[in-house]
Amino acid sequence: MPNIKPISDLRNYNKVLRDISAGEPVFLTKNGRGKFAVIDISEYEKLKVSQELMSQITQGEQSGKEKGWMSNSQAEEELGINNDKKQISDKPKRYIVWSKNKIDLNDSWQKKWYVKQVLTYGRTEDVSLLDWKEIEIMLDDLDLTPDIKRLWENYFNVKRQSNFIRTSEEGS
C-alpha cells in the first residue's frame, strides 16, 4: 500500500522521514494531487543506474537501426537458432562440459548443473538456447559465483523494469 501524505506533514519532517524505507517511498500531495516522492538514497541510486542502463540500451538500439545492424531475429537466423524449436542437445559442447559425453536433461539435478555450466562458460548461441523463464526461477539454486549471479539478477531486474515501463507507456 503506497504511503501518501499531505505536504503539510513536512512541518514534522522527522515523522515523514521515519516512514521512508528501501522500496517504500513516501508520496507527498499538494491540494490533493501528487507532487513529490521521497525515497531512500539506495533506491534513488538503483533508479539512477537503471535509468542510465535503459538509456544506453535505447542508444544502442537507435545506433543499430541507423547503421543497419542486425535485429535479434536476423542474428538468431544467422546463428541458426529457431525460436519455435529451441532445443538443447544432450551432447554438450566440450568448452561447456568436458567431463561428460552425454547429459540427461530430464534429470533436474543434471539440468541445473548444465544451466550453471552454460551461464558460466557458454557462448551467446549456447545461452540463447536456454529457457529464460526457467533460468529466472532456478537462479538461486544454481550455486553461481557471486559475480555471475549478480550479472544475471541484474539482467532479469532490468528486463522486468523494461517490461513494466513498456506496459506503463502502452497503458497511457
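**Tryptophans, salt bridges and a nonpolar patch**

Visitor: What is the relative accessible area of Tyr155, and which class does that put Tyr155 in?
Guide: This is a predicted model. Buried means under 20% and exposed means over 50%, so values in between are partly exposed. Tyr155 has a relative accessible area of 31%, which makes the residue partly exposed.

Visitor: How many helices and strands does the protein chain have?
Guide: Read the elements from the N terminus. The order is β-α-β-β-α-α-α-α-α-α. That gives 7 helices and 3 strands.

Visitor: Which element has the lowest mean pLDDT, and which the highest?
Guide: Over the protein chain, the mean pLDDT is 77. Residues that reach 70 or more make up 76%. Where pLDDT is low, the predicted coordinates should not be read in detail. The lowest mean, 58, belongs to helix H3 (residues 72-79), and the highest, 89, to strand E3 (residues 33-38).

Visitor: What percentage of the residues in the protein chain is buried?
Guide: The accessible surface comes to about 13,300 Å². Carbon and sulfur atoms hold 50% of that surface. Of the 172 residues, the buried share is 22%.

Visitor: How many aromatic pairs are there, and how do the rings of Trp132 and Trp152 meet?
Guide: The structure holds 7 aromatic pairs. For Trp132 and Trp152, the ring centres are 5.6 Å apart and the planes stand at 35 degrees. Planes under 30 degrees apart count as stacked and over 60 as edge-to-face, so the rest are tilted. The Trp132 and Trp152 pair is therefore tilted.

Visitor: Where in the chain do Trp132 and Trp152 lie, and how far apart are they in sequence?
Guide: The pair links distant parts of the chain. Trp132 is in helix H6 and Trp152 is in helix H7. Their separation is 20 residues.

Visitor: Which of the two, Trp132 or Trp152, is buried?
Guide: Under 20% is the cut-off for buried. Trp132 has 26% relative accessible area, so Trp132 is partly exposed. At 10%, the buried residue is Trp152.

Visitor: What is the geometry of the Trp132 and Tyr155 rings?
Guide: The ring centres of Trp132 and Tyr155 are 5.5 Å apart. This pair also runs from helix H6 to helix H7, over 23 residues. The planes are at 40 degrees, so the geometry is tilted.

Visitor: Which residues form the aromatic cluster?
Guide: Two of the pairs above involve Trp132, one with Trp152 and one with Tyr155. Phe156 belongs to the cluster as well. The full set is Trp132, Trp152, Tyr155 and Phe156.

Visitor: How many salt bridges are counted?
Guide: Side chains of opposite charge can pair when their charged atoms come close. The cut-off here is a side-chain nitrogen of Lys or Arg within 4 Å of a carboxyl oxygen of Asp or Glu. By this rule the count is 7.

Visitor: Which residue forms a salt bridge with Lys112?
Guide: Lys112 lies in helix H4 (residues 108-121) and its partner in the loop between helix H6 (132-138) and helix H7 (146-171), 29 residues away. Lys112 is partly exposed at 29%, while the partner is exposed at 51%. The N to O distance is 3.8 Å, and the partner is Asp141.

Visitor: How far apart along helix H7 are Arg150 and Asp147?
Guide: Arg150 and Asp147 form a salt bridge, with the closest N and O atoms 2.6 Å apart. Arg150 is partly exposed at 44%, and Asp147 is exposed at 54%. The two are 3 residues apart, which means a separation of about one helical turn.

Visitor: Which residues are joined into one network by shared salt-bridge partners?
Guide: One bridge pairs Lys149 with Asp140 at 3.2 Å. Lys149 is partly exposed at 24%, and Asp140 is exposed at 57%. Shared partners extend this into one network of Asp140, Lys149 and Glu153.

Visitor: Is Lys111 buried or exposed?
Guide: Lys111 is found in helix H4. Beyond its neighbours within four places in sequence, Lys111 contacts Asp104, Leu105, Glu134 and Met138. Its relative accessible area is 17%, and under 20% counts as buried, so Lys111 is buried.

Visitor: Which residues make the nonpolar surface patch?
Guide: One member, Tyr44, lies in helix H2 (residues 41-67). Tyr44 is partly exposed at 43%, and patch residues need over 30%. The patch covers about 380 Å² and is made by Ile39, Ile41, Tyr44 and Leu47.

Definitions and conventions
Residues are numbered from 1 along each chain as its sequence is written. This is a predicted model: local features need pLDDT of at least 70, side-chain atom pairs count only at pLDDT 80 or more; totals for chains, interfaces and linings use all residues. Side-chain values use heavy atoms; hydrogens and water are left out. Patches are made of residues with over 30% relative accessible area and no salt bridge: like charges are joined within 9 Å, nonpolar side chains (Val, Leu, Ile, Met, Phe, Trp, Tyr) within 5 Å. Accessible areas come from the Shrake-Rupley method with a 1.4 Å probe; for residues, only the protein chains shown count as cover. Helices (H or I, at least four residues) and strands (E, at least two) are DSSP runs, numbered from the N terminus. Buried means under 20% relative accessible area, exposed over 50%, partly exposed in between (1.4 Å probe, protein chains only). pLDDT is the predictor's confidence in each residue, from 0 to 100. Contact means heavy atoms within 4.5 Å. Rings of Phe, Tyr and Trp (its six-membered ring) pair if their centres lie within 6.5 Å; planes under 30 degrees apart count as stacked, over 60 as edge-to-face and the rest as tilted.
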